Amino acid sequence: MADEGEPKQSFSIKVRSHRGEEVHFKVKPHTVMDKVIKAFCDKVGVDISTVRLTFDGQRVSGKQTVAELGLEEGDILDVMEFQVGGSC
């Protein structure tokens with residue numbers, strides 16, 4: 001049984017792309033963002049090397065944890081995809 005003063009062990013966050021794709025994840029405070037980014041890319045079928053994750057306008061490192069970012073229940077992270085090519 002958890003103590004009254006302990007933080008909630010897991011909660012939900014949402015990751016969304018500029019294309020409107022949204023994926024909900026249940027995370028724990030020690031979850032590293034690399035795991036979230038990889039799961040999102042696998043789910044929507046994009047190459048992990050072409051995406052960057054942001055939270056409140058700041059780029060998120062894959063080595064950061066949920067706790068380090070200060071994420072809370074219901075927070076939304078945005079995925080930006082790089083466009084490659086397009087030369088004439």
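**Salt bridges and strand pairing**

The structure holds 6 salt bridges. The model is a predicted one, and the description below follows strand 1, its two partner strands, helix 1 and the loop that contains aspartate 56.

Strand 1 spans residues 11–17 and is joined to strand 2 by 6 bridges, with the two strands running antiparallel. Within this pairing, valine 15 has valine 23 of strand 2 as its bridge partner. The two strands form a hairpin in which 4 residues lie between them. Glycine 20, in the turn of this hairpin, has a positive phi of about 95 degrees. Strand 1 is mostly covered, since 5 of its 7 residues are buried. Strand 2, residues 22–27, has two distinct faces: Val23, Phe25 and Val27 make up the covered face, and Glu22, His24 and Lys26 the uncovered one. Valine 23, the bridge partner of valine 15, thus belongs to the covered face of strand 2.

Strand 1 also pairs with strand 5 (residues 76–81), here in the parallel sense and over 4 bridges. In this pairing, lysine 14 stands opposite isoleucine 76 of strand 5.

Side chains of opposite charge can pair when their charged atoms come close. Lysine 14 is one residue involved in such a contact: its side chain meets that of glutamate 22 in a salt bridge, with an N to O distance of 3.6 Å. Glutamate 22, on the uncovered face of strand 2, counts as partly exposed because its relative accessibility is 42%. A salt bridge is also formed by the side chains of arginine 16 and aspartate 78, at 2.6 Å from N to O. Arginine 16 lies in strand 1 and aspartate 78 in strand 5, so this pair ties together parts that are 62 residues apart in sequence. With a relative accessibility of 33%, arginine 16 counts as partly exposed. In addition, Arg19, Glu21 and Glu81 are linked in a network of salt bridges.

In helix 1, which covers residues 33–44, lysine 38 and aspartate 42 are 4 residues apart, about one turn of the helix. These two residues form a salt bridge, and their closest N and O atoms are 3.0 Å apart. Lysine 38 is partly exposed, because its relative accessible area is 45%, whereas aspartate 42, at 55% relative accessibility, counts as exposed. The cut-off for the exposed class is over 50% relative accessible area.

Most residues other than glycine have a negative phi. Aspartate 56 is not a glycine, yet its phi is positive, at about 55 degrees. Aspartate 56 is located in the loop between strand 3 (51–55) and strand 4 (58–60). At a relative accessibility of 64%, aspartate 56 counts as exposed.

Key: Residues numbered from 1 in each chain as written. Predicted model: local features only at pLDDT ≥ 70, side-chain atom pairs only at ≥ 80, totals over all residues. Heavy atoms only, no water. Buried < 20%, exposed > 50% of the residue type's maximum accessible area, 1.4 Å probe, protein only. Pairing = 2+ DSSP bridges. Salt bridge = Lys/Arg side-chain N within 4 Å of Asp/Glu carboxyl O.
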